[in-house]
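Colleague: Hi! Could you walk me through this one before I head back to the bench? I'd like the layout first, then anything odd in the backbone.

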Amino acid sequence: MKTKNLKIIFFLLFINIFFINELKSQYFKQPIPTPYVCDYIGTIKIIGYNASQGDEIAFYDPDGVICGVFVLKKDGVFGMVHIYGDDPTTMIDEGAKSHDKLEVKIWDSKKNILYSNKNIFLKPLIIGGTASPSEIPPKWQTNGIYAVEISVLLAGDINLNFKLDLGDAFILIEKLSLNQINKNN
Ligand SMILES: [Ca+2]
Ligand SMILES: [Ca+2]
């Protein structure tokens, strides 16, 4: 009986080490690994709050190929994300070439919302060690480690206070009327 219990405990430990630590993405499909890799780490906030464990980040190359995916293991931080480069010896496009701009998409797992393009703001992150602050937009190059701060903001949140409110409306009206004045002159 005791050995049976021990076996169960070891089995659970095994599952914990090999499966739970390597969370598989539910939303984004897995990239195709190649020997050409660059790594990204950093922080991530969604509309002012730390992104949650289980939320997903995907990196796309300019051909629309998904070349890096990471499922958050801890709130607010991610990485390392392995972002794969294209293997020139294969016919298919597995990922990025040197200096390709990378696009980021975020999936909020609890709300089941996908954020991309105009909702996502990136900033270089200085953390020291072996990671360099990322260029903005991030560019793929083999063998580097880069750090970036990701913020998801509401589209239309012009004054960046994480709310869509009258403040945004006033700025927008001001902009529109300035455009109108410029047009009329
Ligand atoms: Ca290829
Ligand atoms: Ca490509």
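Modeller: Happy to. When I say helix or strand, I mean a run assigned by DSSP, with at least four residues for a helix (H or I) and at least two for a strand (E), numbered from the N terminus. By that reckoning, Pro137 is found in the loop between S9 and S10. Please keep in mind that this is a predicted model.

Colleague: Good to know. How many helices and strands does the protein chain have?

Modeller: There are 2 helices and 10 strands. Their order from the N terminus is α-β-β-β-β-β-β-β-β-β-β-α.

Colleague: And which elements have the lowest and the highest mean pLDDT?

Modeller: Helix H1, residues 2–20, has the lowest at 60, while S3 has the highest at 98. For the protein chain the mean is 89, with 90% of residues reaching 70 or more. Where pLDDT is low, the predicted coordinates should not be read in detail.

Colleague: Okay, and the other helix? Does H2 sit buried or in the open?

Modeller: H2 lies largely in the open, because the number of buried residues among its 19 is 0. The helix covers residues 166–184 and reaches 27 Å from its first C-alpha to its last, close to the 27 Å expected at 1.5 Å a residue.

Colleague: Let's go to the strands. What is the order of the strands in the open sheet?

Modeller: The order is S4-S3-S6-S7, and the pairing is antiparallel. S4 and S7 (113–115) stand at the edges; each has a single partner strand, so one side of each is left without a neighbour in the sheet. On average, neighbouring strands are turned by 20° against each other, direction ignored.

Colleague: Can you give me some residue pairs to click on?

Modeller: Sure. S3 and S6 are joined antiparallel by 5 bridges, and Ile57 stands opposite Ile106 there. S6 and S7 share 3 bridges, again antiparallel, with Trp107 opposite Leu114. The hairpin of S6 and S7 has 4 residues between the strands, and Asn112 in it takes a positive phi near 50°.

Colleague: Where does S10 fit in? Which strands does it pair with?

Modeller: S1 (residues 37–46) pairs with S10 (residues 145–152) in the parallel sense over 8 bridges, and Thr43 has Glu149 as its bridge partner. S8 (residues 120–124) runs antiparallel to S10, with 5 bridges. S9 (residues 132–133) runs parallel to S10, with 2 bridges; there, Pro133 is partnered by Ala147.

Colleague: What's Ser151 in contact with, leaving aside its neighbours within four places in sequence?

Modeller: Lys45 and Phe121. Phe121 is also the residue opposite Ser151 in the strand pairing. Another one to look at is Ile44: its C-alpha is 5.8 Å from that of Ser151, although the two are 107 residues apart in sequence.

Colleague: So is Ser151 buried or partly exposed?

Modeller: Partly exposed, because Ser151 has 19 C-beta neighbours inside 10 Å and buried starts at 20.

Colleague: Now the core. Which residues have the most contacts inside the largest nonpolar core?

Modeller: Ile57, Phe59 and Ile83, in a core of 35 residues. S1, S3 (56–60), S4 (66–71), S5 (77–84), S6 (103–108) and S10 each supply at least two of its residues. Ile57 touches Ile44, Phe70, Phe78, Val81, Val104 and Ile106, not counting residues up to four places away in sequence. In soluble globular proteins, nonpolar side chains tend to be buried together. Over the protein chain, 26% of the 185 residues count as buried.

Colleague: Last topic, the backbone oddities. Where are the cis peptide bonds you'd point out?

Modeller: One joins Gly79 and Met80, with omega about 0°; Met80 belongs to strand S5. Another joins Ile136 and Pro137, with omega about -5°.

Colleague: And which residues other than glycine have a positive phi?

Modeller: Among them are Ile47, at about 45°, and Asn143, near 70°. Ile47 is in the loop between S1 and S2 (49–50), and counts as partly exposed because 16 other C-beta atoms lie within 10 Å. Asn143 is in the loop between S9 and S10, and is exposed, with 9 such atoms within 10 Å.

Colleague: Great, thanks!

Technical notes:
Residues are numbered from 1 along each chain as its sequence is written. Chains are lettered from A and ligands numbered from 1 in the order in which they are written. This is a predicted model: local features need pLDDT of at least 70, side-chain atom pairs count only at pLDDT 80 or more; totals for chains, interfaces and linings use all residues. Two strands pair if DSSP finds at least two bridges between them. A residue is buried if 20 or more other C-beta atoms lie within 10 Å of its own, exposed if 12 or fewer, and partly exposed in between; C-beta atoms are placed from the backbone. Two residues are in contact if their C-beta atoms, placed from the backbone, lie within 7 Å. A nonpolar core is a set of buried Ala, Val, Leu, Ile, Met, Phe, Trp, Tyr and Cys residues joined through C-beta atoms within 7 Å. Axes are lines fitted to C-alpha atoms, for helices over the stretch in contact, and angles run from 0 to 180 degrees between N-to-C directions. pLDDT is the predictor's confidence in each residue, from 0 to 100. The expected span of a helix is 1.5 Å times one less than its number of residues.
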